[in-house]
Amino acid sequence: MHMMKLSCKDLKPDVDCAFEATGETATDAAKTMLAHARADHAEDVKDGSDEDLIKMFESKAHE
Ligand SMILES: [Zn+2]
């Protein structure tokens, strides 16, 4: 089984955060990242809807 991954550094290379979301699918990883972003990067994602952020995160998830 492969895992999809998405880290904060994938989204913003200069961010001071080592969090990496993983999941069986890009959607799983995106949902995990959304929860982290809402909690720890609230200012960066305050203008994005959950739907738009998940779409954007899914597009950046990788194996
Ligand atoms: Zn982070």
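Before I show you the main helix, one definition: the expected span of a helix is 1.5 Å times one less than its number of residues. Keep that in mind for helix 2. And a reminder, everyone, that what we have on screen is a predicted model.

So, helix 2 runs over residues 26-40. Its 15 residues reach 20 Å from the first C-alpha to the last, close to the 21 Å expected.

Let me step back for a moment to the whole chain. We have four helices and two strands here. Reading from the N terminus, the order of elements is β-α-β-α-α-α. If you put a box around the C-alpha atoms along the principal axes, you get roughly 35 × 25 × 15 Å. How does the radius of gyration of the chain compare with that of a compact globule? For 63 residues, a compact globule would come out near 11 Å, and the chain has 11 Å, so the two agree. Contacts tell us something about the fold as well: of those with a separation of 6 or more, 40% join residues 24 or more positions apart. Buried residues, meanwhile, make up 17% of the 63 in the chain.

Back to helix 2, then. Which of its residues are buried? They are A29, A30, M33 and A37. These four cover an arc of only 95° around the axis, which means they sit on the same side of helix 2. Turn to the other side, and you find A35 and A39 exposed.

And what do the buried residues of helix 2 pack against? Their partners are strand 1 (4-7), strand 2 (20-23), helix 3 (42-45) and helix 4 (50-60).

That takes us to the core. The largest nonpolar core has nine residues: L6, A21, A29, A30, M33, A37, V45, F57 and A61. Helix 2 is the biggest contributor, giving four residues to this core. As a general point, nonpolar side chains tend to be buried together in soluble globular proteins.

One core member I'd like to pick out is V45. Leaving out residues up to four places away in sequence, V45 touches A37, R38 and L53.

R38 is worth a look too. This residue belongs to helix 2, and it counts as partly exposed because it has 14 C-beta neighbours inside 10 Å; buried would take 20 or more. R38 and D50 are twelve residues apart in sequence, with 9.4 Å between their C-alpha atoms.

Now for my last stop, I54 in helix 4. Is I54 buried or partly exposed? With 18 C-beta neighbours inside 10 Å, I54 counts as partly exposed. Setting aside neighbours within four places in sequence, I54 is in contact with A30, K31 and L34. A30, you'll remember, is one of the buried residues of helix 2.

There are two more distances to go with that. T27, which is found in helix 2, lies 7.2 Å from I54, C-alpha to C-alpha, although they are 27 residues apart in sequence. T27 has 15 C-beta neighbours inside 10 Å and therefore counts as partly exposed. For T32 and I54, the C-alpha distance is 9.4 Å, with their positions 22 residues apart in sequence.

So if you take one picture away, let it be helix 2: A29, A30, M33 and A37 buried, on the same side of the helix, with A35 and A39 exposed on the other. Thanks, everyone, and I'm happy to rotate the model for you.

How values were computed
Residues are numbered from 1 along each chain as its sequence is written. This is a predicted model: local features need pLDDT of at least 70, side-chain atom pairs count only at pLDDT 80 or more; totals for chains, interfaces and linings use all residues. A residue is buried if 20 or more other C-beta atoms lie within 10 Å of its own, exposed if 12 or fewer, and partly exposed in between; C-beta atoms are placed from the backbone. The arc is that of the directions from the helix axis to the C-beta atoms. Two residues are in contact if their C-beta atoms, placed from the backbone, lie within 7 Å. The radius of gyration is taken over C-alpha atoms; the globule rule is 2.2 Å times the number of residues to the power 0.38. A nonpolar core is a set of buried Ala, Val, Leu, Ile, Met, Phe, Trp, Tyr and Cys residues joined through C-beta atoms within 7 Å.
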